[in-house]
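Here is a small set of exercises to work through with the structure open beside you. Try each task before reading its solution.

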Amino acid sequence: MSGSEPEFNVGNQMPMPAMADQRQITAILPTGIGHTILELLSLHCGLSTASLHRARGVGIVPLIGKKGVGAQIEWDLISVIVPPDRADEIFALIFHEGEIDRPHGGFIYMGELQAATSFMLPEVADDPDATAEMEITKPD
Amino acid sequence: MSKREITVLTDVALITCVVQRGFADEVIAAARDAGAQGATTYYARGSGVRERLGIFGVAIDVEKEVINVVVSQDQLDRVFERMYLAGKLDTPGMGFIHVTALEKAATYVPEEVKEKLHRSVRRRG
């Protein structure tokens, strides 16, 4: 969270805490890699502000020579909102783990947001039975 | 963290264009004609003006296509204008286009391109 935290007041409604200077990182990745990155962001970076959807990409596919120009491929599109002090770290992480630095590896970009609220997940009490059940049904 | 380097691209902007379903291909072709390297498209559901138009609203498709194009600042005005015209965005209900400034972007840059860039920087320096 950044130092400046403006509070938005819409009419008479309750004040909405909004954080300034947040960054939005968007990565266009080959199909299938998006889910791995989403998991990485959630489990290892503690970020719950990531979303994933599919998109149709139009670009240059040199593999097929001239015929490849204009070919359409399906891509994973990941978007994540991160605090400014972690932006470069997360940008580099997605770039390297998503293997964007190889031909046809995709694309990544980052922009500044004017305002964003935090996204908090509800507290879920630990249920030892549920955990045990999950371990039993876990695939090999 | 990995020690691999990232070739960061700056002075780039994201053009986002929302058009009715089926119109994206023309807009993308115009963007590429104007120099854009690529684009991504996905479907979205729109709402707003269609409801206000009552019975005439049937002419406006509720399903939209959202086009994302990242371009350099040099190309921005040209690509933006061509996309606007190709999407006939001056017609009410046809769509919407906007530009977002980006801090940085990165992708695979071939060695020969990197070398060319280094050479031009050395020449200027």
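**Exercise 1. Find the strand order of the open sheet of 10 strands, and its edges.**

Step 1. Walk across the open sheet of 10 strands: the order is β1(B)-β6(B)-β6(A)-β3(A)-β5(A)-β4(A)-β3(B)-β4(B)-β2(B)-β5(B), with antiparallel pairing. Strands here are DSSP runs of E with at least two residues, helices are runs of H or I with at least four, and both are numbered from the N terminus. Two strands pair if DSSP finds at least two bridges between them.

Step 2. Look for strands that pair on one side only: these edge strands are β1 (8-9) and β5 of chain B.

Step 3. Keep the ground rules in mind. This is a predicted model, in which local features need pLDDT of at least 70 and side-chain atom pairs count only at pLDDT 80 or more, while totals for chains, interfaces and linings use all residues. Residues are numbered from 1 along each chain as its sequence is written, and chains are lettered from A and ligands numbered from 1 in the order in which they are written.

**Exercise 2. Trace the pairings from β1(B) to β6(A), giving a bridge partner for each.**

Step 1. Begin at the edge, where two bridges hold β1(B) and β6(B) in an antiparallel pair. Within β6(B), B:Ala105 is the bridge partner of B:Leu9.

Step 2. Now cross between chains: β6(B) also pairs with strand β6 (residues 107-112) of chain A, in the antiparallel sense and over four bridges. Here A:Met110 has B:Lys104 of β6(B) as its bridge partner.

**Exercise 3. Do the same from β5(A) to β4(B).**

Step 1. Strand β4 (residues 50-58) and strand β5 (residues 72-82) of chain A run antiparallel and are joined by nine bridges. For A:Val58, the bridge partner in β5(A) is A:Gln72.

Step 2. β4(A) is also joined to β3(B), by three bridges and again antiparallel. A:Val58 has a bridge partner in this strand too, namely B:Ala39. Another facing pair is A:Arg56 opposite B:Thr41 of β3(B).

Step 3. From β3(B), six bridges lead on to strand β4 (residues 63-72) of chain B, with the two strands antiparallel. Across this pairing, B:Ala44 stands opposite B:Lys64.

**Exercise 4. How many residues of each chain are in contact across the interface?**

Step 1. Count residues whose C-beta atoms, placed from the backbone, lie within 7 Å of one another. By this rule, 23 residues of chain B touch 25 residues of chain A.

Step 2. Assign the chain B side to its strands: β2 (12-20), β3 (39-45), β5 (95-101) and β6 (104-107) each supply at least two residues.

Step 3. Sort that side by class, which gives 13 nonpolar, seven polar and three charged residues. Nonpolar covers Ala, Val, Leu, Ile, Met, Phe, Trp, Tyr, Cys and Pro, charged covers Asp, Glu, Lys and Arg, and the others, Gly among them, are polar.

**Exercise 5. Describe how helix α1 and helix α3 of chain B pack.**

Step 1. Helix α1 (residues 24-33) and helix α3 (residues 73-86) of chain B pack at about 155°, with axes 8 Å apart. The axes are lines fitted to C-alpha atoms over the stretch in contact, and angles run from 0 to 180 degrees between N-to-C directions.

Step 2. Name the arrangement: α1(B) and α3(B) are therefore roughly antiparallel, the word used for angles over 145 degrees.

Step 3. List the contact residues. α1(B) brings B:Glu26, B:Val27, B:Ala30, B:Ala31 and B:Asp33, and α3(B) brings B:Val79, B:Arg82, B:Met83 and B:Ala86. By class, this contact has six nonpolar, no polar and three charged residues.

**Exercise 6. Is B:His98 buried or exposed?**

Step 1. Locate B:His98 in strand β5 of chain B.

Step 2. Count neighbours: B:His98 is exposed because 10 other C-beta atoms lie within 10 Å. The cut-offs, for C-beta atoms placed from the backbone, are 20 or more for buried, 12 or fewer for exposed, and partly exposed in between.

Step 3. Check a distance: B:His98 and B:Phe80, 18 residues apart in sequence, are 8.5 Å apart from C-alpha to C-alpha.

Conventions:
Contact = placed C-beta atoms within 7 Å. Parallel < 35°, antiparallel > 145°, perpendicular 65-115°, else oblique.
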